[in-house]
Structures are given as structure tokens and as C-alpha cells.
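Reader: Before I rely on words such as buried, compact or paired, I would like to hear the reasoning behind each of them. Could you take me through it step by step?

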Protein chains: 2
Amino acid sequence: MSILKEYEPIFYPSSVAVVGASSNPRKLGYHCLKSLIDGGYGGRIFPVNPGVLEIRGYKAYPSIAAVPDRVDLAIVAVPAPSVPSVFKECAMKGVRGIVLITAGFREIEDKSGSELQSEIAAIANEARMKVIGPNTFGMVNLHANLNASFTPEFSLVKKGGIGLISQSGGVSHLTAYLSMHGNVGFSKIIGLGNRCNMDFADMLEYMAEDPETKVIAMYIEGVDDARRLVDVADKVTARKPVVAYKVGRFPASNQASYSHTGSLAGKYEIYNSALKQAGVVTVYSCTELFDVAKALALCKIPSGNRVVILSGQAGPGIIVGDVCEDNGLILTSFSKETQEAVEKLLPPVAMRRNPIDLGPAWHDSETCERLVNVVSRDENVDAIVICAAYASANEPLLRGIGKLLRKFAKEKTVIGSFPSPTNVWKKEKVELELADVPVYPTPERAAKALVGLVRYSEALARKSSTNLL
Amino acid sequence: MSILKEYEPIFYPSSVAVVGASSNPRKLGYHCLKSLIDGGYGGRIFPVNPGVLEIRGYKAYPSIAAVPDRVDLAIVAVPAPSVPSVFKECAMKGVRGIVLITAGFREIEDKSGSELQSEIAAIANEARMKVIGPNTFGMVNLHANLNASFTPEFSLVKKGGIGLISQSGGVSHLTAYLSMHGNVGFSKIIGLGNRCNMDFADMLEYMAEDPETKVIAMYIEGVDDARRLVDVADKVTARKPVVAYKVGRFPASNQASYSHTGSLAGKYEIYNSALKQAGVVTVYSCTELFDVAKALALCKIPSGNRVVILSGQAGPGIIVGDVCEDNGLILTSFSKETQEAVEKLLPPVAMRRNPIDLGPAWHDSETCERLVNVVSRDENVDAIVICAAYASANEPLLRGIGKLLRKFAKEKTVIGSFPSPTNVWKKEKVELELADVPVYPTPERAAKALVGLVRYSEALARKSSTNLL
């Protein structure tokens, strides 16, 4: 069975039961059912709760067994001691996948938690049921309008090409919220929790095949089988970019990772280097995780590390230059023809070498357009970063150059930063991101996104040269 | 004359002339006049332009000399060659301060630019006129509703305690826009430009005395008199926090800094260390510049580096821990009493050591309140970072703990991160920032803001121990 088929009943179920569904907002089962209904899920929904007859207009069933139809996916939010019997019923019913929200398994201090997790894992494995969790906020498949989580607001996230595999509900939530400021969205957001029988490596393998996922982002605390994760990552990165944020770098936070997920975080440096060697782009904050994933989801992967910076104001250009050089990128030198053309377009009051300060052209979209045209065609340029902060005097700029940037984004890596008050240039920025030009609120974030792209391009080059041997 | 008196006519002028005012939106003089009028400036406004009789309902004058009243401040946006004669007229008229928007002085390739700047500097110095610029977007004094810049949108910035001295218009704009997402604002935003006779050191001395400025933020490309800047900073930081972002770390961007501002950026490391030694908190991005300034404007300066992390979800707590430990902060150990009290409040399914995962208390604001209460009173705690991502299940949390956080912010350093969809928890976050609890969109940004606070606290401790010798 192909891996896509194998996971289809979980990510594209034709029916979902919510075990522990409730009409009491103090229960997670209330929020799970709300997420599923409000998220616009199109399949059949079965609330399961022995105490009630109906919830939110849906007939409720006393048990999974009592559901009259097939159940593909069960979202389970009942107290931990009841989970084994629910799992047994699910197995009997032929349920194919489970999202286990309930906490109180191997993450707890008492060893009874680990024992309970072994018990349910055995039931699930025997019945070939895939389990996301326990101790997870759930999972969201945006393209299928399937919000199998306890947070209805995940359905506000835009549909897009980023697949997130996360070991923290908190990080999944905040990354989703970060994305809401922009126009790039997610394919799937998966909260692994304490990994009963679905781990990073499994989800990497699945997302590598998933046609809706263009780039895979991972937030990692600790893993059980690091060897397998690295091996799988090494295969996957040859086909799709993977970006990872590994935490637990220091003793106290490493200990906390262990407590949280019930697995050793391991030596940070060893993990991080192994991931890098496998071609994974490693990052150092949630913001960077999302920013780099967004660039990888939209941009053409650059063929090299030679950058040109065009900046409406000198400061942001210098900042981008600092970040690029700090990370081994090269501020390219133009060909003689390009340099001459730039000097023809810009008067000597502007910085006419890289980074280029548009000078008086910062509010002249025609000149700016010609400049983008000239530098984009230079064969010494692998990527373009263009920055301009809004001022009322340059208001037409983004409309003017937008079309051209959208055109060049097909041929070269183009990244933008166009800081503006909240309600200004909004439409223009949406249009750019729809045309594969990612836009960031500060020049440093734009530059770091580019660094991520170049890291992936370097990984690909390493891989293809190894294959030649 | 006190320094406040000396600069009063510039920052609190009773009348302003806009030389080069225009009704043509393609001219910067149009935008300057618009900023002044729309910003709600309460003094007298005199457009100066020989070609017109009236602009936007204001009588226009053919020259500064023709203005019938006293002029405190002149905003000048005329072509560079006309600037010397405008300066001479200003001197004759008794103008006290000038904001010189015009570019084309010592930043340009041709040496005629430097000569022109020397010429106008001589006129200004002779007449004791203070000049902001040339080659600047201008200056904004929020508390006086004085928008002396070419960007009317600066008037949307909130009034607050951050004074920004910046060598880049682009960075000033983007920092202002960054602030618009939150609830903390600026006292003054000053675009130094190419520094005719007002430099970083002058503005530092002024802002140190300015009662509306609580913290001074600087964006630095290059300075002419580094010695003086460091000496002044050393004095100022004993009284008020100063945070600086110095760019030009690498050859190409350093060269660009030179070209932009007409002054050598100098060896980055030497500058940065000297600033640090002077007690300045140095940062590495625009986001961090604003984030740290915001914390310094609101928070109690911590008495030490011992931190407690309370997190609604484990992941963000681990992230804060990583950033803290990476920067030499200590994840504190509680006293025996505190630890016992924590273990009484939280069941063994949560992480009950620092960083604390609220576990089941993440949606129970009463328990959460008790926890904050217990850990805040521990004398091993200098600062508290509290994080919780929104989920519909914990919606009441922030209302519940808000009051308590606001109370403790008077006694201890409290920093929060409460990621949420744009329109959720909005009011609660505003209330927290109004009560001196800065709130950040990600745990890493919250942690880095705390690092900035601890750096300043260490600088103060160094200073006071030196004074004892």
C-alpha cells in the first residue's frame, strides 16, 4: 500500500467520531467538536458521549460501537484511564486513525503513565490504527477543511504549501498565528504529542509524498529514533525542502524537553549537525522556522549564493548586507554592462554598487522597474532582495514594481521587505505573495529567509555531487 | 542655558515654516506640509514658496524673510543648490532650528557635496542654528503633535517613552510601523541624516534630560566622533537606559554605511565593545532594537539574572529557557517553600520545575494566578517570563491573570508572550502593556527582551561598583 493510501483515512477521512464530545465549554471535547463543525468538514460527524442524546444538532452515540456507520478517524478526548477501553472499541469498530488529545501518558512523573502508553500502543499496533498523540492539540488538514484539534481558530489559517510537524501544541498555535499576518499558509499542521506510533520520520515520509505539501517544517524537542529521522530526512530533502527548529540546547531546557515529551532531547549539537548533513535547513526561532518555510514554499531555489540588494532607503540595504555576509552569502559584483546600466539609471547621489540605494529613484517606480530589470538579468546574480519602507511620497512604488517582481520571481529568487502601516500596501503585498514573492516585515527577516534558501540550494548541490561519484 | 532650553525651539517650536512647501504630491515639500497639518501641530504654520499664494488653506510666503512673524523651526525641502541661500535667510530671520530634508551633500560621490555641506554648516554654526539633517526624513515629537517629516503616517505612532535617534530614514519608518502592532510608543523619532551640526552625542545628551524619554534607542551606521559618543553614553546610561543597533559589520555593508552617511563606520567590533563598556545594551536587529527598548520603557529593571518561566504549553517555555541560558541568564531554583507550594498547586502530570509547564492549569486561571503569586514572592526570582498561546479552551486565562501580572509588574520584572489570532486577547494585551507588562508575539522575542533588561541591570551594577572605588 502506498504511504498516501495508508494515511488517507486519517488525513482525508470520510467520517469522524469525537469520543468525549461535550456541550460543556470547560471540556476539551466541546472544543474538538466545535473545531470539526465550524471548520467546515464535509464528511459525517459522530459525537460519542454516553451521557447525552444530541450535541449541536448532531445525534450523539453512547459508544463508538453504537455508531451505525463506518468511522475512519476518532478524535479522543476522555480521561486517561478510559483510553485503553476506547482504543479497544475503536479496534473492534475498524477505526483507522486516532487523534488522542488526552494527556497523562509517558510525559508524567509517575511510571504508570509510560505503562498506560505501552498498553494503548499495543492495542493500536495490533489493530493497525495510526495514532497522533497522546498529549496533543490535534491535527489540521487545511485543504480538506479537517480541523481535528481542540482549537477552532486553526481553521482561520490559510491553505498553502507548508506542512508543519510539531512536538509542541504551543508552537503549533503560535506559528499558525504568525502566519495569519501574511498570505502564505499551511497544508497540514500535525501535533505529534508523545508519539504513540507516529513519529517525525513517519510524517516526513508521508509529507514527502503529499502533493499539497511543498516544504516541511519541524519543531523538535526530543526524538526516540534519531538515526531513522536523519536517514529519512536525507532521502526527503533530495526531493522537498525540510526546515527544522531543534530546541533543548542548554541543560535546563534540555531537561524540560525530556519531561515534556518523555524522550531524551539528546546532545543538541549532534542532532543539529546530523540534520544539517542530511540537508535539513536548521533555524533558531519560531519566526525563522515560519519565515524560511514560507520562502521555500514560494521561491525558486537559487542556483548559488550571489545576492543583489536593492533598497529604497540605504539603512535596510546595509542591514540585509550584514545578515547575508554574516552567513557566507556574497554581495555580487555586477558585470561591466550591468554596472554601466545602473550608473546610467541612477545619479551619482545614490549608492550605485551593491547594496544599491535607490536614492532619488525610491519614489520613481519607472526607474526602479528599469533597475530591477537590469540587475535581474545579470548572470552574476542568483537572488534579489528588495526593500522599501512605505512613505506617502513613495506610495505608488509597490504598484509600479509589483508586476515586474512577479515576472522575475519565475526566473530568479526574489524576496521583499516593504514595511508599512497595517492598512497600507496590503493588497500589493498579497499580490506579491500570490505570485511567489515572499514579503517580510523587516529587512533582517527577509535576509534570513534568503539564507535559508541558499542553505537548501547548497544541500541540493552537495547531494547531486555525491550522486555523481 | 540648559540643554532642554537650548533645543526647545526645535522640538517645541511655537511656529514652523515649510520652505519648499508645495501642492504637488510629487514634491517632498507637499508631504512635509501635510505631515505638519495632519499631525495636529498646534502652533503657527507658514508655507514658503515663491510660486504660490496659498497652500491647503494656509497663506504662502515668497521667502522666509517675508514671513510676518517669528519662525522657530524651518523645515527645508528645496533643491540642494538653493540651500545655502535659504540658510542665510533663516539666519537673518532668527530661525532657531532647521530640519533639512534635502539630499545631495556629503553622502554623494562628488566632492562638491562635502563642500556644500561645509558651507551650510558654517552659516548654521555662525547663527547658532541647530540643524537636523541634511538627507533626512525629518523628526517627530509625538507628545507635541509635531510631525516635522515627509511622512504623515508618523503621526499614527503612539505617544510613549522611547526616544529613537536614527541614521536611517528607512529604519525609522520600519521601527515606527513595527510599534503600531503593539501599545508602546515613542517620545521623539529623530532622523540624524548626514549630521550637519547635530550628532548622536548631542541627541543623547538632550534625551537624557528630556522628561518624556524613558529609554533611548539608536540605529548607528557611522559616527564622526566616536570618542565623544562613547563618553556621553557612559554618562547617560547611569541615568537612563540606552540600546543601540550598530550596522556595517562586514566589508560590503561597512562600505555602504560610509557611502550612505559620508562617515566611516569604523571597525564594527571596536565600536560595539566600546558601546557595551559604556553601558549601552547592544542588539542585532531592528526587531530587537524595538523589543528591548519597549521592555526598558515599561519594566522594572531586574536586580539580577535569575529567571522563572511559566508557560501554558511546554514548548514556548523550553524556547525561553534556551534563549535565557544562551545569554547567561539563570533558570532559578526555587526555595524549598516555593517548590512545595508549586507541587501542591500542580499535579505530577505537569513540569513542576523551572521552566514550569502549567499543564492542566493552562486553562484554569485561578490556579495560574496562585502560581504566579507563589513564584513571584520567591526571593530567588528576579524576573518572570510568562507565555501562553491562545486556544479557545484557555480564552479566560489572560483576563484571570492580567490583574495579578499588573500588580507584580510594580515589584518584579514581568514579561509576557501571548500569541493569538489578530482580534483575540487584543484588549487584554493592551491593558497589560498599559500596566507595564510588555507583551511579545513569540517566546524568543520575549526572552531576548529580558536579556536586554538584564544587560542593562548588569551595566548599572558595574557602574555603581566602580563608583564605590
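**Reasoning from values to words**

Author: In this model, which is predicted, let me begin with a pair of residues: within β2(B), B:V48 is the bridge partner of B:V19.

Reader: What makes β1(B) and β2(B) a pair of strands?

Author: Two strands are said to pair if at least two bridges are found between them. Strand β1 (residues 15-19) of chain B and strand β2 (residues 44-48) of chain B are joined by five bridges in the parallel sense, so the requirement of at least two is met.

Reader: Why is β1(B) described as mostly covered?

Author: Five of its five residues are buried, a word that stands for a relative accessible area under 20%. The residues point in two directions, with B:S15, B:A17 and B:V19 on one side of β1(B) and B:V16 and B:V18 on the other, and all are buried.

Reader: Which strands pair with β5(A), and in what sense?

Author: Strand β1 (residues 15-19) of chain A pairs with β5(A) in the parallel sense over four bridges, and strand β6 (residues 97-100) of chain A also runs parallel to β5(A), again with four bridges. In the pairing with β1, A:V16 stands opposite A:L73, whereas in β6(A) the bridge partner of A:A74 is A:I98. From strand β5 (residues 73-76), A:L73 and A:I75 point one way and A:A74 and A:V76 the other, and all are buried.

Reader: How do you know that chain A is as compact as a globular protein of its length?

Author: Chain A has 16 helices and 20 strands. Its radius of gyration is 25 Å, and the globule rule gives 23 Å for 469 residues; the two values are close, so chain A is as compact as a globular protein of that length. Of these 469 residues, 64% count as buried, and among contacts between residues at least 6 apart in sequence, 74% join residues at least 24 apart.

Reader: Why is B:S417 called buried?

Author: Its relative accessibility is 1%, and buried means under 20%, so B:S417 counts as buried. The residue is found in strand β19 (residues 413-417) of chain B, and, leaving aside residues up to four places away in sequence, B:S417 touches several others, including B:I386, B:Y440 and B:A446.

Reader: A:M180 is in a loop; is A:M180 buried or exposed?

Author: A:M180 has a relative accessible area of 17%, and since the cut-off for buried is under 20%, A:M180 is buried. Its place is the loop between α5 (169-179) and β11 (186-191) of chain A, and its contacts, not counting residues up to four places away in sequence, are A:E153, A:L156, A:V157, A:K158 and B:P421.

Reader: Why, then, is A:N135 called partly exposed?

Author: For A:N135 the relative accessibility is 23%, and partly exposed is the class between under 20% and over 50%, so A:N135 counts as partly exposed. In chain B, B:N135 counts as partly exposed at 24%. A:N135 has a positive phi of about 60° although it is not a glycine, and phi of B:N135 is near 60°.

Reader: What makes the peptide bond from A:N354 to A:P355 cis?

Author: Its omega is near 0°, and the bond is cis; a cis bond with omega of about 0° also joins B:N354 and B:P355. A:P355 has its place in the loop between α12 (336-345) and β17 (356-357) of chain A.

Technical notes. Residues are numbered from 1 along each chain as its sequence is written. Chains are lettered from A and ligands numbered from 1 in the order in which they are written. This is a predicted model: local features need pLDDT of at least 70, side-chain atom pairs count only at pLDDT 80 or more; totals for chains, interfaces and linings use all residues. Side-chain values use heavy atoms; hydrogens and water are left out. Buried means under 20% relative accessible area, exposed over 50%, partly exposed in between (1.4 Å probe, protein chains only). Contact means heavy atoms within 4.5 Å. The radius of gyration is taken over C-alpha atoms; the globule rule is 2.2 Å times the number of residues to the power 0.38.
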